[in-house]
Amino acid sequence: MRIIPKKVEGIKFGLLSPEQIRKMSEVKIVTADTYDEDGYPIEGGLMDPRLGVVDPGLRCKTCGSRVGDCPGHFGRIELARPVIHVGYAKLINKILRSICRACGRILLPDDKIEAFRQELRKAKRIGKSEEPIVEELFKAARAVKKCPHCGEEQLDIKFEKPTTFIEDKQRLSPIDVRERLEKITDSDAEVMGFDVEVARPEWMVLTVLPVPPVTVRPSITLESGERSEDDLTHKLVDIIRINQRLEENIEAGAPQLIIEDLWELLQYHVTTYFNNEVAGVPPARHRSGRPLKTLAQRLKGKEGRFRSNLSGKRVNYSARTVISPDPNLSINEVGVPELIARELTIPVIVTPMNIEHIKKFIRNGPNKYPGANYVERPDGARLSLARVKNIDELLEKIEPGWKVHRHLIDGDIVLFNRQPSLHRMSIMAHEVRVLPYKTFRLNLCVCPPYNADFDGDEMNLHAIQGQEARAEARVLMRVQEQILSPRFGGPIIGGIHDHISGAYLFTQPEVRFTREQAFHLLYASGINKPLPEPAFVEDGKEYYTGKQIFSLLLPEDLNLTYKAKVCKKCEVCKEEECEYDAYVVIRNGKLEHGVMDEKSFGAFAGELLDRIVKDYGTDAAREFLDNVTKLVINFITWRGFSTGIDDEDLPEEAKERIAEILEEADRKVQELIRAYNENILEQLPGRTLEETLEMRIMQVLSEARDKTGAIANEYLEKEEKRRKHENSARIMAISGARGSLLNLTQMAACVGQQAVRGERIKRGYSGRTLPHFKVGDISASAKGFVRSSYKRGLSPLEFFFHNMGGREGLVDTAVRTSQSGYMQRRLINALQDLKVEYDNTVRDTRGVIVEFRHGEDGADPSRTDWGQMVNVKKIVQRYARKEAA
Amino acid sequence: MYLSEEEIVERIAELKDKLPSSLYNDLERELRRVKITEEDLKKVVAEVLRRYEFAKVEPGEAVGIVAAQSMGEPSTQMTMRTFHYAGVAELNVTLGLPRIIEIVDARKKPSTPMMTIYLEEEYAQDREKAEQVAREIETLYVRDVLEKSEIDLVNSRVNLYLDEYELRRKKLGVEDIVAKLKSIKGVEIEENGNVISLTLSNPTIKDLRKLANRVADLHLRGIKDITRVVLRKEEKEYVIYTEGSNLKDVLKIEGVDVTRTKTNDIMEIQRVLGIEAARNAIINEIQDTLNEQGLIVDVRHLMLVADMMTVDGTVKAIGRHGVSGEKASVLARAAFEITVDHLLQAAVTGEYDELEGIVENVIVGRPVKLGTGMVELVMRRELEESKEAV
């Protein structure tokens, strides 16, 4: 038997008419009680068995299905008196004001109504919103005082929130309202925006209330055996109770006043049943004082049905654990703990080709890796291998057509994700490598796209269940396919930290290896390539340079020239003679000049990597990154690299000069303050004198800090040369591995001005920041200038100011993440339906053309060269130069 | 054996229709610079065409989502604070994330409206003339040149003490102010050095106070809304930066280069220059803000955002009041914001949801029609089965 899949074609929205409600209801609910003393549901109560089943094992009294299959059935409450649907009170108000109180026509002459009708039709045809037109009609009709159809004088109608209408001091009961709405002709209703086929105006006043099936409001049994009802059930109980009392009172002929009170109460309960957050209505509360979660609350907001359950869905076959680094994995791989590999499964259909292979998995069972957890018969029935007693018996039965849910094994494609998933590189496909221990392992080059570090970050993994999905993941989502970011058309995956400083040290001109060392490095890194001719021979020993070995990783016909990160941007570039070795020249796959640093294969910046992906493809790029990682990490591990506080040591001379500069800055500030006091400070255009002073002081102080930084750097460099010992901190900063020269400055020389809101620190006591200063003191130290370095340590006052600046930074980050998160949600929501059509136009779902060509030239940014569709210059030069040489 | 420039141009002429104009122009420019043989030229052309074909977007690509992510992801790295405009320390301009949010919100007024006014050649090189234009633009009220004003109860009149320094700076004479004061009816003006006395016939104290206020608010010269003007020498010309924006009136001023002058008020650009200009302004403003923070985002993404905001002829916000609120699908709107209202409204108007978009398909649980999901290929089952039989 082939199951014909049902497909939802579309969804039509409409109001339920009283007839429809009665028709779809299986039970008329009359009693407010739910269960009798024995714990059985009462017929005609809110838990009537005909409303569906929630208890496993029982069959539904209406449809005869069991729990999972019975969708539940509606009941109804016949309201003793009609009530207004809160959600429509506003609309009812607009309508009441726009129609005649006597004849029910719209208070506009026929030709005008007709004109509106035409406009509405036009709007509908071109797919524009009809709302403004209907609003316009309401506005026009409201102003009319005398009905143009029957001549009746109109009275003023006031709307008292949430559900009361008053016509000329006379209260309109829902019955009156309903009568008026009934009088509206179908054609008039259409002009007011109604689709009369599914929504007559009078249906906005309820006479029958549908009771949702029990499946919608299941009661939960607490541990104590006590039953706890759903909020909706509680609310429905209230409604029924009041409804009954109202009915009894009406029958008994109670005074009008009492009836009206009860009616009002019924209105309240129905109102809060729909929405418990209506302005002006006290929310209905649970016994504990917690406001009830009624219909509107179930749908609304982040935790509501729409955003939480419909737009986002929970999945099986997923895992989550802490991540840790492993440079021995390929960027395409992910290390999966065996524990997780045994839990996650991949369905495999048994075929004559794989049957023996698959049987091994089954034999291993759920607890021995690599095994299987379930087998599925061709009819869809699942057998848990944990519960199978006789494996051999089962193995007999396995034949092509069965499905086996086997454990994850090496090479399986899985999706790997880290939240927040801000861009598409936050979910990428990796190949599984089952490893011991309990963390996910990943190559460090994929940290930037995930924005991951290893200070306790956790990541999610999803085992792909379908063949199409697997193919798509492999072709489109694999890490190597994502090296180029669609954001700017450059690499987003690349070396970080030790990769960079390692490569920098490795490619230094003086680095050399003996043949044995070179082989050892290459072997440890798993690079299988013949060594070139040794660069030089000394004392009969053959030596290879770091550059030579690095060249082994490069494609053989690669030609590239660029300036490295360490480039000092001299006025006249000495090119190949660069004294910092910052001019990188790669000729025919040989690194001839220059050092490798952030600009060569760092994430976001790597020129070399960029070139390899674009010219040699993603396979070459993956191989390059894998090899670089291994080679460079092996090298730096072997060589040793560490930083400590002595990396910020400065000689006495430097300290004196720094102190001098800070003195000088202090003097200059005093000078400025004096000039200000004597009123001879030159005012900046468009600024007050005070602002000018403040700006000048800031300028002086920031210059001073920069100068101290320059001195610090100068001496660090000098010391490095003198002691012939590299300064690790400085190497990291200049090669772009980690930190910046500013960080070094702050550690070694002077922390500098602390700012709050972009100004020097000014809050605190009146006229001063702290009681340690005189009122009106605006010198550098009184306003948060930190003279000390981090290494030397901050004075208590400096520490306090530094803390102020630091706190602002923290608050800023917290505020920013929420703001940018919301902005991104809005952007995604606004743009998500846009796609490129086969005619290369960009359109939304309605077919509206948003762009004739994407980005005016029809380019895919991830395939561009930093935004350029084709780097013509590069191509032309490649061919022209060949001729010239 | 090298080809002459003419020959090169002739040989690549056929590409003119195949490549986007910018690309073609690049190619022509680069080729004119080098010497190249016929054979190599052919290789270049082939390579350019190959790369061009590769760089084209594929049908089905979810360009919208990619654009939104490309703009949203880096925005987490932006600063929050208002900073001084690059170079012009005198002006405060909203930058960073708040500015981006302001742009996509399509606010009526930016929080710090600002103009960059370029001048025509003869004004741009001459400090005197540039200053004159600047003076003409900056709005000036009587209160700006007042040292103080007092109500003289004895003589029942208002005395205005003018600030000499300010007058000199603003190049104004006492007579200029007197001339302006003449526009107030029923007032007698007496001039005495730096003091101007205004007398009313039979005034009450209230009248005098009113007069004093009215005089202080009297507009002397300049353009409304432009509260501050800074003249700066850029690389090769004088440029005027202003706080406050009034594009329409500034463009009327003589000496202003109407082709380059700009404002950061996108809605104003829409009013004055039209929707296409507004679209370009959105792109430029977002790009400038991002670049200022050192973030690189491909323009194509920003173009798409700007195009989405301006498709129907008016600038619409990204969000429930604009683009998202006007979506065709009820479910898409309900899933975004104000869920309940959208559902109630949909019921009354009897809306029909075609379930074409992303959220809708996610909600009903079927593949989304983007990328690989867009392909609608049906395999003829009989064919497949007959194959199996063989």
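How many helices and strands are there in chain A? Chain A has 26 helices and 32 strands. Keep in mind as you look around that this is a predicted model.

**Chain A as a whole**

Let's start with the overall build. Chain A has 885 residues, and a compact globule with that many would have a radius of gyration near 29 Å. Chain A comes out at 38 Å instead. Lay its C-alpha trace along the principal axes and the span is about 120 × 100 × 65 Å. As for what's tucked inside, 39% of the residues of chain A count as buried.

What about contacts along the chain? Take the contacts in chain A with a separation of 6 or more: 67% of them are between residues 24 or more positions apart.

Chain A is also divided into domains, which go like this:

| Domain of chain A | Residues |
|---|---|
| Domain 1 | 85-203 |
| Domain 2 | 318-482 |
| Domain 3 | 501-639 |
| Domain 4 | 645-811 |
| Domain 5 | 833-885 |

If you go from the centre of domain 1 of chain A to the centre of domain 5 of chain A, taken over C-alpha atoms, you cover 53 Å.

**Where chain A meets chain B**

Now for the partner. The contact between the chains draws on 90 residues from chain A and 95 residues from chain B. Which helix gives the most to chain B's side of it? That's helix H4 of chain B, residues 63-75, with twelve residues. Sort chain B's side by class and you get 56 nonpolar, 17 polar and 22 charged residues.

The two chains also share a bit of strand pairing. Strand S1 of chain A (residues 11-12) runs antiparallel to strand S13 of chain B (residues 352-353), and two bridges join them. Within that pairing, Lys12(A) stands opposite Tyr352(B).

**A closer look at Val297(B)**

Let's finish with a single residue. Val297(B) sits in the loop between helix H13 (275-292) and helix H14 (299-310) of chain B. Is Val297(B) buried or exposed? Val297(B) counts as buried, because it has 22 C-beta neighbours inside 10 Å, and the cut-off for buried is 20 or more.

Who are its contacts? Leaving out residues up to four places away in sequence, Val297(B) touches Arg487(A) and Phe488(A) from chain A, along with Ser70(B), Met71(B), Pro74(B), Leu290(B) and Leu302(B) from chain B. Val297(B) and Ala67(B) are 230 residues apart along the chain, yet their C-alpha atoms are separated by 9.3 Å.

Notes. Residues are numbered from 1 along each chain as its sequence is written. Chains are lettered from A and ligands numbered from 1 in the order in which they are written. This is a predicted model: local features need pLDDT of at least 70, side-chain atom pairs count only at pLDDT 80 or more; totals for chains, interfaces and linings use all residues. Helices (H or I, at least four residues) and strands (E, at least two) are DSSP runs, numbered from the N terminus. The radius of gyration is taken over C-alpha atoms; the globule rule is 2.2 Å times the number of residues to the power 0.38. A residue is buried if 20 or more other C-beta atoms lie within 10 Å of its own, exposed if 12 or fewer, and partly exposed in between; C-beta atoms are placed from the backbone. Two residues are in contact if their C-beta atoms, placed from the backbone, lie within 7 Å. Domain bounds come from an automatic or database domain assignment. Ala, Val, Leu, Ile, Met, Phe, Trp, Tyr, Cys and Pro count as nonpolar, Asp, Glu, Lys and Arg as charged, and the others, Gly among them, as polar. Two strands pair if DSSP finds at least two bridges between them.
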